[in-house]
Each structure stands twice: as structure tokens, then as C-alpha cells.
Amino acid sequence: MNILMLLLVISIIVVAEYIFINGEKLEAIFLGLWAPTILGFMNYFKHRT
């Protein structure tokens, strides 16, 4: 499960950078902010007991 989520985060970063390079800066920033959000949720659920 963690590997799948990390692959999702990496793919989000790659797609956001691609969109940013193509000139859609605001959309890329919005999409790029999802990566740390997902990592934060992963961290929260990992340490919640």
C-alpha cells in the first residue's frame, strides 16, 4: 500500500512539473500541492494507533 501511494506522489510531481513547463503555472502549483498532502495523510495514518 505504501509503495503504491509513493508511486502516486511521484507521478503527481512529474505531471505537475510537465504542466508547469508547458505554461499552466497555477494549475501546476495546485496539482503539486497534492503530493505533500498525500504524504501528510500517510504519515498521520501510519502513526495513529
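Good morning. A helix, as the word is used in this talk, is a DSSP run of at least four residues marked H or I, and helices are numbered from the N terminus. With that in place, Lys46 can be assigned to helix H3. Please keep in mind throughout that the structure before you is a predicted model.

Let me stay with Lys46 for a moment. Is Lys46 buried or exposed? Its relative accessible area is 61%, and since exposed means over 50%, Lys46 is exposed. Lys46 also offers a comparison between sequence and space: Asn2 lies 44 residues away from Lys46 along the chain, yet the C-alpha atoms of the two are separated by 9.7 Å.

I turn now to Ala35, which is found in the same helix H3, spanning residues 34-47. Here the relative accessible area is 4%, and because buried means under 20%, Ala35 is buried. Which residues does Ala35 touch, once those up to four places away in sequence are set aside? The answer is Val9, Ile12 and Ile13. For Val9, the separation along the chain is 26 residues, while the C-alpha atoms of Ala35 and Val9 are 5.1 Å apart.

These contacts lead us to the interior. The largest nonpolar core consists of 5 residues, namely Val9, Ile12, Ala35, Ile38 and Met42. Two elements, helix H1 (2-21) and H3, each give two or more residues to this core. The largest share comes from H3, with 3 residues. One member of the core, Ile38, is in contact with Met5, Leu8, Val9 and Ile12, leaving aside neighbours within four places in sequence. As general background, nonpolar side chains in soluble globular proteins tend to be buried together.

Nonpolar residues also appear on the outside of this model. Ile3, Leu6, Leu7, Ile10, Val14 and Leu39 form a nonpolar patch on the surface, and together they have about 570 Å² of accessible area. Which helix gives the most to the nonpolar patch? It is H1, with 5 residues. Consider Ile3, which is found in helix H1. With a relative accessible area of 60%, Ile3 is exposed.

My last topic is the aromatic residues. A search of the whole structure finds 3 aromatic pairs. One of them joins Phe41 and Phe45, whose rings are stacked, at 6.4 Å centre to centre and with 20° between the planes. Why are Phe41 and Phe45 separated by about one helical turn? The reason is that they are 4 residues apart in helix H3. A second pair is formed by Tyr44 and Phe45: the ring centres are 5.2 Å apart and the planes stand at 65°, so this pair is edge-to-face.

How accessible are these rings' residues? Phe41 counts as partly exposed, at 49% relative accessibility. Phe45 is likewise partly exposed, at 49%, and Tyr44 is partly exposed at 49% as well. Phe41, Tyr44 and Phe45 form one aromatic cluster.

To conclude, I would ask you to look at helix H3 once more. Ala35 in H3 is buried, whereas Lys46 is exposed, and Phe41 is partly exposed. Thank you for your attention.

Conventions. Residues numbered from 1 in each chain as written. Predicted model: local features only at pLDDT ≥ 70, side-chain atom pairs only at ≥ 80, totals over all residues. Heavy atoms only, no water. Buried < 20%, exposed > 50% of the residue type's maximum accessible area, 1.4 Å probe, protein only. Contact = heavy atoms within 4.5 Å. Core = buried A, V, L, I, M, F, W, Y, C linked by side-chain atoms within 4.5 Å. Patch = residues over 30% accessible without salt bridge, like charges linked within 9 Å, V, L, I, M, F, W, Y side chains within 5 Å. Areas by Shrake-Rupley, 256 points an atom, 1.4 Å probe, with all protein chains shown as cover. Salt bridge = Lys/Arg side-chain N within 4 Å of Asp/Glu carboxyl O. Phe/Tyr/Trp six-rings, centres within 6.5 Å; stacked < 30°, edge-to-face > 60°.
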